[in-house]
Number of protein chains: 2
Amino acid sequence: MSAITVLLVDDHLVVRSGLKALLGTQPDIDVVAEAATGEDAMVKAEQHSPAVVVMDLAMGEGMDGIEAIKQLRRRNGKQAVLVFTTYDSDADIVRAVDAGAMGYLLKDAAPEEIFAAVRGAVQGKSVMSAPVASRLFQQLRNPDEVLTPREAELLSLLTVGLSNRELGRRLFISEATVKTHLAHIYAKLGVETRAAAIATAIRREGMR
Amino acid sequence: MSAITVLLVDDHLVVRSGLKALLGTQPDIDVVAEAATGEDAMVKAEQHSPAVVVMDLAMGEGMDGIEAIKQLRRRNGKQAVLVFTTYDSDADIVRAVDAGAMGYLLKDAAPEEIFAAVRGAVQGKSVMSAPVASRLFQQLRNPDEVLTPREAELLSLLTVGLSNRELGRRLFISEATVKTHLAHIYAKLGVETRAAAIATAIRREGMR
DNA sequence: GGCCGGATCAGCCAAAGGGATGAGAGACCG
DNA sequence: CGGTCTCTCATCCCTTTGGCTGATCCGGCC
């Protein structure tokens, strides 16, 4: 039987190299190409039509991982995309799943976990690391804690250090509305001050 | 002639595996051991007495990289420590160099750069990635922008979202003093609000 | 000894932020 | 159609923050 063909996408050579070494130990898995950027990933996917694409989300300049996933799925729905990243931020997970990712692994995952995810992906099975799954699960249980699109937008601007007045100007809404949104955000994040909100946003929500 | 012995320390198996694969291509470099935690690194260093220790700074639970460097240098000054990490935060660089690191590489470094750093380290030569060097250089040019120890301490507490009153209580100083420190910090970071200070602290100074 | 930088504190004032409450417009859904 | 959600705005009130100025103490340093 033929091996599962894999395309690795990660801006760090070391990580690609490590993944290749690990996956190389498995006879039924075959790394056929690598890419360091989202753009490059498109080209390589076209050339090799891999069964599985293992992709990092954070990728320096240019196209980010989420965008890359979307484009891949638009062009060729048959390729299964596995996210392989360092952080388990709520926002990233949701966005990746939304974009069509088949699985979500963290970089400290055990080799067996990675192998299983690759094999599962070609069979349409979705595999995710335990911490990731528990986060998704928690969001399902407490939908009240999920930010609305507008709130998320505001929060992301908040993390660059804008004042309420500036936030209002940026979003074309009154300062009063900004304060209302903020109050809701604070409640959902479980914080009481703007400072704490920024801290949790950058750290937990991965808004960097 | 005998090969340069290397100990790899990184909490991510993939990264260790990648480094091992890369360094393995060089006949004069020999990876003799790996460790996933700072504690483990101490044990392995003791057992193998490697010439060079390649170490990540961020390491999940327990001892962090900086602490590990300090202890290594205290126990056996002959081992050269190379920092190999994802971020080039000002604070981390200074702390690592302070702790006695011989070089500072970023994870997106080219293989040749890594090889050169390892070889240089055994000869007492210090090698660092370009972005890292330029940051250090910039600090030398503008010493006015370097935070004092007390200011850095305050800033790090600031990023968890404390109020001035709380900061004062934590540091056993009056609220007035907190405000003075903050004013200095704002000036040095080039920001005007606490929110922006937190944002830059977490992102640029790497206080996560 | 005089000078300087770091750390500490105080008081004052204007600006910004945060809590509470109420309320209207539009979208979506059963 | 009525309920629910999201987004929008307003007002009142109190707390917190930020800007400014000036001051003391201590440890190095020339």
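Buried area is the accessible surface, found with a 1.4 Å probe, that two parts lose on being put together, summed over both. Keep that in mind as you work through these exercises on a predicted model.

**Exercise 1. The interface between the two protein chains**

Task: Find how much area chain A and chain B bury between them, and which elements of chain A supply the side that touches chain B.

Solution:

Step 1. Start with the area. Chain A and chain B bury about 2,300 Å² between them, and 67% of this is on carbon and sulfur atoms.

Step 2. Look for the main contributors in chain A. A:H12, A:V14 and A:R203 supply 25% of the area that chain A buries against chain B, more than any other three residues.

Step 3. Now count the contacts. On each side, 29 residues take part: 29 of chain A touch 29 of chain B. Between the chains there are zero salt bridges, but two residue pairs are in polar contact.

Step 4. Place the residues on elements. On the side of chain A that touches chain B, α1 (13-24) and α10 (194-203) each give two or more residues. The largest share, eight residues, comes from α1(A).

Step 5. Sort this side of chain A by residue type: 16 residues are nonpolar, seven are polar and six are charged.

**Exercise 2. DNA strand D**

Task: Describe the protein surface near DNA strand D, and find polar contacts to its phosphate oxygens.

Solution:

Step 1. Find the neighbours. There are 17 residues around DNA strand D, and the nearest are A:T148, A:S174, B:R165, B:K179 and B:R194.

Step 2. Check which part of the strand faces the protein. Of the strand D atoms within 4 Å of the protein, 69% belong to sugar or phosphate, and the rest belong to bases.

Step 3. Look at single distances. The side chain of A:T148 has an N or O atom 2.4 Å from a phosphate oxygen of strand D. For the side chain of A:T177, the distance to a phosphate oxygen is 2.8 Å. B:N164 uses its backbone instead, with a polar atom 3.1 Å from a phosphate oxygen.

Step 4. Sum up the surface near strand D. α9(A) gives the most to it, with four residues. By type, the surface has four nonpolar, eight polar and five charged residues.

**Exercise 3. DNA strand C**

Task: Find which residues come nearest to DNA strand C, and where a protein side chain reaches a base nitrogen.

Solution:

Step 1. Of the 16 residues around DNA strand C, A:R165, A:K179, B:T148, B:S174 and B:H181 come nearest. Sugar and phosphate make up 69% of the strand C atoms within 4 Å of the protein.

Step 2. Find the phosphate contacts. A polar side-chain atom of A:Y186 is 2.8 Å from a phosphate oxygen of strand C, while a backbone N or O atom of A:N164 is 3.2 Å from one.

Step 3. Turn to the bases. A polar side-chain atom of B:T180 lies 3.0 Å from a base nitrogen of strand C.

Step 4. Name the main element: α9(B) gives the most to the surface near strand C, with four residues.

**Exercise 4. A backbone angle**

Task: Decide whether A:F172 is buried or exposed, and say what its phi is.

Solution:

Step 1. Most residues other than glycine have a negative phi. A:F172 is not a glycine, yet its phi is positive, about 60°.

Step 2. A:F172 sits in the loop between α8 (164-171) and α9 (175-189) of chain A.

Step 3. Exposed means over 50% relative accessible area. A:F172 has 76% relative accessibility, so A:F172 counts as exposed.

Methods: Residues numbered from 1 in each chain as written. Chains lettered and ligands numbered in written order. Predicted model: local features only at pLDDT ≥ 70, side-chain atom pairs only at ≥ 80, totals over all residues. Heavy atoms only, no water. Buried < 20%, exposed > 50% of the residue type's maximum accessible area, 1.4 Å probe, protein only. Near = heavy atom within 4 Å. Polar contact = N/O pair within 3.5 Å; in protein donor to acceptor, adjacent residues only side chain to side chain. Nonpolar A, V, L, I, M, F, W, Y, C, P; charged D, E, K, R; others polar. Contact = heavy atoms within 4.5 Å. Salt bridge = Lys/Arg side-chain N within 4 Å of Asp/Glu carboxyl O.
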